[in-house]
Amino acid sequence: MKRDVRIAIPEKGQAVIDIITGAGYEAYMVGGCVRDSLLGREPEDWDITTSAKPEEIKALFGRTIDTGLQHGTVTVMMGGEGFEVTTYRIDGEYKDSRHPSEVTFSSELGEDLRRRDLTINAMAYNQEEGLVDKFGGLEDLEAGIIRCVGNPAERFQEDALRILRAVRFAAQLSFTIEERTLEAAGELAHTLSRISAERIQTELVKLMVSRHPEYLRIAYTNGITKVFFPEFDRAMETKQRHIHHCYSVGEHILHSLCHVKEDKVLRLAMLLHDIGKPKVLTVDEEGITHFYNHAAVSAEMAEQILRRLKLDNDTIQKVCKLVLYHDFGSAVEPDMRIMRRALHKIGEDAFPDLFAVKRADILAQSDYQRQEKLERVDRWQQLYEEILEKQQCVSLKTLAVKGSDLIDIGWKPGKKLGEVLQKLLELVLEDPAWNTRARLLEEAGRLLSLER
Ligand code: ATP
Ligand code: MG
């Protein structure tokens, strides 16, 4: 079916299509870029599908990169921009829920569209032909429906990752997953265990930074999370009976996700901030639940989970730090000395995010003392800003004396010297007035005389 819709293709992409069609082959924009254009969203990249074989594409363009020749993909460079051009293909039989046993090139656009996962992802477009939409993708886009191309159970059996992709696209677009597609997703959820951690990670992160990270609930309800993230299922099954809470641990997590911006580190931190609670649960005589030490246990589990999902070290380190310290300052009155110590220990960089985490955590709790709790975070943040503004010293980097200064007055290089610097820093953290060369050298001299 062709529908009379217009898509504005960027000039360079159009040039690639023109060159291919000018040589007598077919070429269309396809998949995500067509979907996003129809939604009025800026596509991230423009992928082209063509009847030309990879060798034929390479012969047509001066600069190409062999991106995935075995899958028929060549990247064409056009004015400094890359366009992935992929030959129409039929994926052979899938034997293991993830890899087609063979890929065959085809000369028919329809065959290429049929192998794609969702109707909204299976549309092609070029200026000549307009929209090629054989599976009702436009209708589903307009109705906000996620639906497999063809028989959902078969499509999920071919590649189980599509199960998670369905949830991810629903979350990105605020769409509903069509009944039969959702049912098949649930029935075949267990086959996700055959999918590599890297592919799952990509989809989970996209889901987390989407408009609706809480759609993870759909994955839980349909038995999908338990395959790659069973810790979350335990959280969903752990009730909280406490004046500060109104949700289970899992529901609290889902709500907290919606209170931070669409940022990978922040969303992952919220996802994992209480993940250790089920492990440390105790119930007192009054039936009240407690989760002592849950931040440390959550941070430990967060690291395991993120490693298992093969996230990069930088992300793991940032997320785990936020998880570990998410309760910082919750139960104490804001105080400059405590704030300086925290800056020293946790590091200045973590702080803006840490305040965001704390606010999201509070907003996902019961409304008991909510205003007070939020105001306390505000006051901590004011202290943090005051310390930065006054450029108060919170690390050895800005201490008014260095190791070499201490050596000059008679300290020997070595472990002891490090301890003295640390002692001087302690004084400065306690009272910034200490941070002058004269006072610190005097103190270092006094400590030296005690040594002798
Ligand atoms: P985005 O890049 O915004 O995540 P996208 O739709 O471009 O979305 P990609 O993963 O880049 O998604 O894939 C490009 C196209 O390839 C999809 O639109 C879809 O047609 C097809 N596709 C991708 N992954 C699969 C899959 N696992 N099974 C079937 N078709 C797929
Ligand atoms: Mg894409």
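Which side chain meets that of Glu251 in a salt bridge? In this predicted model, the partner is Arg217, with an N to O distance of 2.8 Å. The pair links distant parts of the chain, since Glu251 belongs to helix 13 (residues 249-257) and Arg217 to helix 10 (residues 216-221), 34 residues apart. Glu251 is buried, with a relative accessible area of 18%, whereas Arg217 is partly exposed at 30%.

A total of 31 salt bridges was counted in the model. One of them joins Glu158 to Arg155, whose closest N and O atoms are 2.8 Å apart. Both residues lie in helix 6 (residues 152-158); because they are three residues apart, about one helical turn separates them. Arg155 is buried, with a relative accessible area of 6%, while Glu158 is partly exposed at 23%.

A further salt bridge is formed between the side chains of Glu451 and Lys416, at 3.6 Å from N to O. This pair also connects distant parts of the chain: Glu451 is in helix 23 (residues 437-451) and Lys416 in helix 22 (residues 415-430), with their positions 35 residues apart in the numbering. Glu451 is partly exposed, with a relative accessibility of 46%, and Lys416 is likewise partly exposed, at 41%. In addition, Asp335, Arg337, Arg341, Glu426 and Glu430 are joined into one network by salt bridges that share partners.

The largest pocket encloses about 1500 Å³ of space. Its lining comprises 45 residues, and those nearest the centre are Asp47, Arg116, Asp117, Arg165 and Arg168. Two or more lining residues are contributed by each of helix 2 (32-38), strand 4 (64-68), strand 6 (81-87), strand 7 (89-91), helix 7 (161-173) and helix 9 (197-208). Helix 7 makes the greatest contribution to this lining, with seven residues. Classified by residue type, the lining of the largest pocket holds 22 charged, 13 polar and 10 nonpolar residues.

The second largest pocket contains about 740 Å³ of space. It is lined by 31 residues, of which His244, His245, Asp327, Ser330 and Gln365 are the closest to its centre. At least two lining residues come from each of strand 14 (289-290), helix 19 (351-363) and helix 20 (370-389). Helix 20 gives the most to the lining of this second pocket, with six residues. By class, the lining of the second largest pocket consists of 14 polar, 10 charged and seven nonpolar residues.

How values were computed: Residues numbered from 1 in each chain as written. Chains lettered and ligands numbered in written order. Predicted model: local features only at pLDDT ≥ 70, side-chain atom pairs only at ≥ 80, totals over all residues. Heavy atoms only, no water. 1 Å grid on protein atoms, 1.4 Å probe; cavity = no way out; pocket = protein on both sides within 12 Å on 5 of 7 lines; lining within 4 Å. Points joined across faces, edges and corners; volume = space filled by probe spheres on them. Helix = DSSP H or I, 4+ residues; strand = E, 2+ residues; numbered from the N terminus. Nonpolar A, V, L, I, M, F, W, Y, C, P; charged D, E, K, R; others polar. Salt bridge = Lys/Arg side-chain N within 4 Å of Asp/Glu carboxyl O. Buried < 20%, exposed > 50% of the residue type's maximum accessible area, 1.4 Å probe, protein only.
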